[in-house]
Amino acid sequence: MQARFHAIWSEITPKLQEALLPYIGNDDFPAMLTAEQVESIRQICGFDDHALALALLPLAAACAITPISHFYVGAIARGESGNLYFGANMEFAGVPLQQTVHAEQSAITHAWLRGEKKLVSITVNYSPCGHCRQFMNELNSGTQLEVCLPNRPRLTLADYLPEAFGPRDLLDAPLLLDSVNHGYQLDTCDALVLAALDAANQSHAPYSQSHAGIALLDEQNQVYTGRYAENAAFNPSLPPLQAALILMNMSGGNCQSIKRAILVEGKNSHLSQSNATESTLTALGCTKIECHRF
Ligand SMILES: [Zn+2]
């Protein structure tokens, strides 16, 4: 079992421990459970989907990286596939707080990067902040997304974000988690550059059209990609680097072991992720950063 789960393990009920151990007991546990695994766990524990997501929150929160706040937030996103995806907040010492990732953003982006096409619910251990409510309103689930908290009634995003401003106030374009392929190309055989290009081609930037993607290579030669997730309200947009760091963290990787990073974005884009990406990566100890432009 990964070290990050050791301290919290004793707080999990024995029945859930028994049900989870075949999965979480492996060092390569990817902080997600497939629909089949969920079904098996539910049968052993007698939980429904809601109760299981709540019971998993302490394990999700154990994935948080919080050098500034030491405040642990966990989230579980449930996809229409039945898969469950862990999420946790991430903070980065040495760069502005705007680079922070919230647990809901983490769980949602984690699901997106693993190919989930739509979310049914998100369960979180603290009430979602305004920033996250707006971030969630970008999803193709719309305001019907179920939002669940411990000891609170099950509500929808519409309850948490009344009189919402969202994507449909601006344009009729794909929503977050919709499948897209922007078709950008680069003349290269470099696999890491192509991985970043593929991420850019699946990024969500309907307002600026400034599509961007990133690929990170770590010391174990694992590759993690991230896609830019733009928001109708602009500020809650999630940079591609943060998306890749979410996947890296959830997969059990070490965000301070990145040995090469490739950012891919457009030559004529209105926005550039380059400076923010470089400053955050430098703070994480990575200095080999390249920017390729289509
Ligand atoms: Zn938040």
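Colleague: Which residues does Gln 273 touch, not counting residues up to four places away in sequence?
Modeller: This is a predicted model. Gln 273 sits in the loop between strand 9 (258–265) and helix 10 (274–283). Leaving out residues up to four places away in sequence, Gln 273 touches Ala 212, Tyr 228, Pro 239, Pro 240, Leu 263 and Glu 265.

Colleague: Is Gln 273 buried or exposed?
Modeller: The relative accessible area of Gln 273 is 10%. Buried means under 20%. So Gln 273 is buried.

Colleague: Which atoms coordinate the zinc ion?
Modeller: The donors follow the spacing H-x26-C-x2-C along the chain. They lie at 2.1 to 2.3 Å from the zinc ion. The coordinating atoms are His 102 ND1, Cys 129 SG and Cys 132 SG.

Colleague: How many residues apart in sequence are the parts that His 102 and Cys 132 tie together?
Modeller: Both residues coordinate the zinc ion. His 102 lies in the loop between strand 3 and helix 5, and Cys 132 lies in helix 6 (residues 130–136). The pair therefore ties together parts that are 30 residues apart in sequence.

Colleague: Is Cys 132 buried or exposed?
Modeller: Another zinc ligand, His 102, has a relative accessible area of 26% and is partly exposed. The cut-off for buried is under 20%. Cys 132 has 0% relative accessibility, so Cys 132 is buried.

Colleague: Are helix 5 and helix 9 roughly parallel or roughly perpendicular to each other?
Modeller: Helix 5 (residues 103–113) and helix 9 (residues 240–250) pack with their axes 9 Å apart. The angle is about 85 degrees. Angles of 65 to 115 degrees count as roughly perpendicular. Helix 5 and helix 9 are therefore roughly perpendicular.

Colleague: How many charged residues does the contact of helix 5 with helix 9 have?
Modeller: Helix 5 brings Gln 105, Ser 106, Thr 109, His 110 and Leu 113. Helix 9 brings Ala 243, Ile 246, Leu 247 and Met 250. By class, 5 are nonpolar and 4 polar, and the number of charged residues is none.

Colleague: Which strands does helix 5 lie across?
Modeller: Helix 5 runs at about 140 degrees to strand 3 (84–88). The strands crossed are strand 1, strand 2, strand 3 and strand 4.

Colleague: Which strands are the edge strands of the open sheet?
Modeller: The sheet has 6 strands in the order 1-3-2-4-5-6, with mixed pairing. Each edge strand pairs on one side only. The edges are strand 1 (32–33) and strand 6 (155–156).

Colleague: Which residue in strand 4 is the bridge partner of Ala 77?
Modeller: Strand 2 (residues 74–79) and strand 4 (residues 119–124) run antiparallel, joined by 5 bridges. In strand 4, Ala 77 has as its bridge partner Ile 122.

Definitions and conventions: Residues are numbered from 1 along each chain as its sequence is written. This is a predicted model: local features need pLDDT of at least 70, side-chain atom pairs count only at pLDDT 80 or more; totals for chains, interfaces and linings use all residues. Side-chain values use heavy atoms; hydrogens and water are left out. Helices (H or I, at least four residues) and strands (E, at least two) are DSSP runs, numbered from the N terminus. Buried means under 20% relative accessible area, exposed over 50%, partly exposed in between (1.4 Å probe, protein chains only). Contact means heavy atoms within 4.5 Å. Axes are lines fitted to C-alpha atoms, for helices over the stretch in contact, and angles run from 0 to 180 degrees between N-to-C directions. Angles under 35 degrees count as roughly parallel, over 145 as roughly antiparallel, 65 to 115 as roughly perpendicular and the rest as oblique. Ala, Val, Leu, Ile, Met, Phe, Trp, Tyr, Cys and Pro count as nonpolar, Asp, Glu, Lys and Arg as charged, and the others, Gly among them, as polar. Two strands pair if DSSP finds at least two bridges between them. Donors are N, O and S atoms within 2.8 Å of the metal (3.2 Å for Na, K and Ca); water is not among the atoms, so sites may look incomplete.
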